[in-house]
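These are my notes from an afternoon of looking things up in one structure. I worked from element to element and wrote down what I found.

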Amino acid sequence: MDLLSALSSRRPSSLIGTLLACLAIILLSRRLIRLRHSRSLKVPYNQERVVILGASGGIGRAIAHKYAARGARVCVIGRREVELAKVVEECRAFHLSHNTGAIRAGGSTIFSVAADFTNVEDMVHIRSTVEAEWKGLDTLIVCAGVSALCPLMEVAGLERHGQTFTPAQATMEGIQRTVNVTNAAVKGNYVGPLVSAVTFIPLLASASASPSILLVSSLAAVIPPPTRSLYASTKAASLMLYQVLAIEHPEIAFTHFIPSTVEGDFRTSAVDSGRVREAEPNKHGLKREAVARRCVEAVDEGERMVFMPVILGRGGQIGQLFFPAVVEWIARRKYRFSAI
Ligand SMILES: *[C@@H]1O[C@H](CO)[C@@H](O)[C@H](O)[C@H]1NC(C)=O
């Protein structure tokens, strides 16, 4: 029965049945398209060359483990040298314990470069090192970033009492401090991904049989969260940047990964030195390991926009369209924010 006759028959059960059938067909065809993608035919797991920016902790570190465990060549980048050395050790152990019988194309299998991904000189150095070791790159994972946790007027040094503030106005110094904090957020969440893309896109496009870039973004970049104005707006900027780049570079498979709250110490390094507000992110947050697994799967299957969990992301988007006030209420509750 087609949709029109189902609609005209006025039998709710047949209408629901038709809608379910449509949904099943859509989901099945998406699955088939993904199967056709089968990147591993072009880039076998044990020959994949992967650079991970922001690998000294959190999601990046867990992603490094995943790639190492299936025999990939992995270059881990981060600012904390001591932690990076540990990540290299862990990756080598994973790599050995899962002996994949890899045929090496030469170059180091696992290595690290201590670098700041917002620093142009550092990034060009990484590119030369990767080119010298591997003669190219297949997968770029961009998951470095900074957090910011305060309402904007608090960053400016104002205390709020309903509609009035102490001091009554933002001072020159307070506004300047807000600009300084914003610059740090822009640097970590926007300039870093920008420099990464400009540095690596030509190498990926020219020297891989199936080039991929994964950006770890955030649900905050899509659904406005109170107390996260600087974090959300800078993450939104880099998400939009990568969405545009995906259109400008169809030869590269872009994955935009959008998780909700993830466990870990990411929030403790906030550029505004704000406090964590949501209820125990380490208990209720997504597990890093699960997030890393989903990231690798999304790259393998060439998925464009991936929400985790799907229900929060897509539900939030649909909610924003039809019940924006409800989505705002949920966001206020999650961040325990009250405007009074
Ligand atoms: C803002 O940053 C500038 C340059 O880094 C610094 O000289 C200044 O003291 C900072 N101002 C505030 C209010 O934090």
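How far does helix H10 (residues 288–300) reach from its first C-alpha to its last? I looked this up first, keeping in mind that the model is predicted. H10 has 13 residues and reaches 18 Å, close to the 18 Å expected at 1.5 Å a residue.

Entry on the surroundings of H10. I listed the buried residues of this helix: Arg288, Val291, Ala292, Cys295, Val296, Ala298, Val299 and Asp300. Their cover includes helix H3 (58–69), strands S4 and S7, strand S8 (253–259) and strand S9 (305–308). After H10 comes Gly302, and I noted its positive phi, near 65°.

Entry on H3. Since H3 is part of that cover, I checked it next. H3 has 12 residues, which should span 16 Å at 1.5 Å a residue; I found its end C-alpha atoms 17 Å apart, which agrees. Is H3 largely enclosed or largely open, and why? Nine of its 12 residues are buried, so H3 is largely enclosed by the rest of the structure. I wrote down the buried ones as Gly58, Ile59, Gly60, Arg61, Ala62, Ile63, Ala64, Tyr67 and Ala68. Just after this helix, Gly71 has a positive phi of about 90°.

Entry on S4. Strand S4 (residues 139–142) is also part of the cover of H10. I found both of its faces covered. Thr139 and Ile141 are buried on one side, and Leu140 and Val142 are buried on the other. I then looked for its partners. Strand S1 (residues 49–53) runs parallel to S4, and four bridges join them. Leu53 has Val142 as its bridge partner in S4. S4 is also joined by four bridges to strand S7 (residues 212–216), again in parallel. There, Leu140 stands opposite Ile213.

Entry on Cys91. This residue lies in helix H4 (residues 81–97). Why does Cys91 count as buried? It has 27 C-beta neighbours inside 10 Å, and 20 are enough for a residue to be called buried. Leaving aside neighbours within four places in sequence, I found Cys91 in contact with Ala64, His65, Ala68, Val74, Val76 and Ile110. His65 is 26 residues away from Cys91 in sequence, yet their C-alpha atoms are 5.4 Å apart in space.

Entry on Val74 and the core. Val74 was on the contact list of Cys91, so I followed it, as a matter of procedure. Not counting residues up to four places away in sequence, Val74 touches Val50, Ile52, Ala64, Tyr67, Ala68, Cys91 and Ile110. Which residues have the most contacts inside the largest nonpolar core? They are Ile52, Ile63, Val74 and Val76, in a core of 76 residues. Helix H7 (residues 172–207) gives the largest share of this core, eight residues.

Entry on the ligand. I listed the residues around it as Glu173, Gln176, Arg177 and Asn180. By class, I counted two polar, two charged and no nonpolar residues in this shell.

Last entry, on the whole chain. The protein chain has 12 helices and nine strands. Of its 340 residues, 37% count as buried. I also looked at contacts between residues at least 6 apart in sequence, and 74% of these join residues at least 24 apart.

Definitions and conventions:
Residues numbered from 1 in each chain as written. Predicted model: local features only at pLDDT ≥ 70, side-chain atom pairs only at ≥ 80, totals over all residues. Near = placed C-beta within 6 Å. Nonpolar A, V, L, I, M, F, W, Y, C, P; charged D, E, K, R; others polar. Core = buried A, V, L, I, M, F, W, Y, C linked by C-beta atoms within 7 Å. Helix = DSSP H or I, 4+ residues; strand = E, 2+ residues; numbered from the N terminus. Contact = placed C-beta atoms within 7 Å. Pairing = 2+ DSSP bridges. Expected span 1.5 Å × (residues − 1).
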